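User: Please take a close look at one part of this model, the way its elements pack against one another, and walk me through it in connected prose.
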Amino acid sequence: MSVQTQPALPLLAGYALRLGDDALVLGQRLGEWVAHAPQIEEDVALANIGLDLLGQARTLLTYAGEVEGAGRTEDDLAFLRDERDFVGCQLVEQPNGDFAVTMARQLHFSTYQLALYARLQHGADPTLAAVAGKAVKEVAYHRDHATQWVLRLGDGTEESHRRMQAGLDRVEPYLEELFTGDDLVSSLAADGVAVDPEALRPECDAYVDAVLTEATLQRPVPTWHARGGRSGRHSESFGHLLAEMQHLHRSHPGASW
Amino acid sequence: MSVVSVEPSDTSLAEHARTVAGAVPDPEVPVLTIADLGVLRDVAVDADGRVVVTVTPTYSGCPAMDVIRGDVEKALREQGFTDVTVRTVLAPAWTTDWLTERGRQALADYGIAPPAPRPVGGPVPVILTARPVPAVVRCPQCGSADTRELSHFGSTACKSLWSCLACREPFDHFKAL
């Protein structure tokens, strides 16, 4: 996304799109667990969390389309964009892996999103503030859900501990991107519309580290960092996710329930 | 919690519209009306009889919202209101404090443990570990407080799944938000 020369409105559309894409893509990933989770309560839990995220995404994508002013609807943005036009972070598109990988991703993302929405609900843009204010308590449930599982698996059996640690190792390289700003977000943050993600890092690290300590797990030190999701560069698995998510809409244009 | 805003001359008409809209049952918990649930924010009727109903979702992704919008529109049309618009707002965000007393009682009678009121101001417990302080939720069947949560997440977005250790019955809890 080229941001240097854009006026204020496209920046806002771009920011809403980032927030919406994060929620949409993670919601889609969590939906993949339905009927595959280790127990039926988790089928229900992950579907519920995915549904909350989908609800956020619908409002955010609708708003992005309105601000853009080119007549694109939430469905156009979700189902008719190609991979390079999505601006979600790479963490949310990572394959589910085993349940521990998903819980590691959930712990980190919900911690980040809770810190983000807790600030964004007081932001200068009324629509973004309303979405965040609506979602912030839902996301607190998401974080608590992931926390309980990370504690149980980390401080559980030798095997559950090993797999939980492997899950944390798997997602750690994708965290840096969550907390890295750029021109778009800096410009909007200066106006009080966006939240500078860098500012969220200490709070998120403190929470996650406390959970990992109690769970007898180690915070990995990554040897590399993913980057590029916010400018449309994604990992290999994302194309497969889009193919599944967009297939029905593209094969049957205009279909509705 | 819902406010009726009307032209002075249309008070009775607006009251009627408000009563009709408010009586629409929640599609997922049909013992509650949308007025009991607190998702009906406003019913306004202008001088030409146009009705604008404002609703708000319980949860961001609540799939019942489309059905509620459709049901409200249908109920009002059946009562002769031909021009009906249902709009959705997110702010101020719904909380379980918007449930009416009647709604709480209806939930309990139906076998769903109602949410505890949220603490307003005053001292709050300081949580020193990542494990939250467990809430006391009474079994709607036998009234026992000897219950445990099976899952934060239940059959709908607004409920969690619990089990009573006294009467051994599972039950839903309308969780505090």
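Analyst: To set the scene in this predicted model, chain B contains 4 helices and 8 strands, and along its sequence these follow one another in the pattern β-α-α-β-β-α-β-α-β-β-β-β. Of the 177 residues of chain B, 38% count as buried, and among the contacts in chain B with a separation of 6 or more, 56% join residues that are 24 or more positions apart. Where chain B meets chain A, the contact draws 18 residues from chain B and 25 residues from chain A; on the chain B side, these residues comprise 12 nonpolar and 6 polar ones, with no charged residues.

The closer look belongs to the helices of chain A, beginning with helix α5 of chain A, which covers residues 99-120. With 22 residues at 1.5 Å a residue, α5(A) should span 32 Å, and the distance of 30 Å between its end C-alpha atoms agrees with that. Helix α5(A) is also mostly covered, since 20 of its 22 residues are buried.

One partner of this helix is α7 of chain A, residues 158-171, whose axis comes within 8 Å of the axis of α5(A) and crosses it at roughly 55°. Because of that angle, α5(A) counts as oblique to α7(A), and the crossing by which it passes α7(A) is right-handed. On the α5(A) side, the contact is made by A100(A), V101(A), M103(A), A104(A), R105(A) and H108(A), while α7(A) contributes R163(A), M164(A), A166(A), G167(A), L168(A), R170(A) and V171(A). Sorted by class, the residues of this contact between α5(A) and α7(A) are 8 nonpolar, 2 polar and 3 charged.

A second helix pair in chain A is formed by α2, residues 40-68, and α6, residues 126-154, which pack at an angle of about 165° with their axes 11 Å apart. Angles over 145 degrees count as roughly antiparallel, and α2(A) is therefore roughly antiparallel to α6(A); the crossing of α2(A) and α6(A) is left-handed. The residues that make this contact are A45(A), I49(A), D52(A), Q56(A), T59(A), L60(A) and Y63(A) from α2(A), together with T127(A), V131(A), A135(A), E138(A), H142(A) and H145(A) from α6(A). By class, the contact of α2(A) with α6(A) consists of 6 nonpolar, 5 polar and 2 charged residues.

Terms used: Residues are numbered from 1 along each chain as its sequence is written. Chains are lettered from A and ligands numbered from 1 in the order in which they are written. This is a predicted model: local features need pLDDT of at least 70, side-chain atom pairs count only at pLDDT 80 or more; totals for chains, interfaces and linings use all residues. Axes are lines fitted to C-alpha atoms, for helices over the stretch in contact, and angles run from 0 to 180 degrees between N-to-C directions. Helices (H or I, at least four residues) and strands (E, at least two) are DSSP runs, numbered from the N terminus. Angles under 35 degrees count as roughly parallel, over 145 as roughly antiparallel, 65 to 115 as roughly perpendicular and the rest as oblique. A crossing is left-handed if the near helix is turned anticlockwise from the far one by less than a right angle, and right-handed if clockwise. Two residues are in contact if their C-beta atoms, placed from the backbone, lie within 7 Å. Ala, Val, Leu, Ile, Met, Phe, Trp, Tyr, Cys and Pro count as nonpolar, Asp, Glu, Lys and Arg as charged, and the others, Gly among them, as polar. The expected span of a helix is 1.5 Å times one less than its number of residues. A residue is buried if 20 or more other C-beta atoms lie within 10 Å of its own, exposed if 12 or fewer, and partly exposed in between; C-beta atoms are placed from the backbone.
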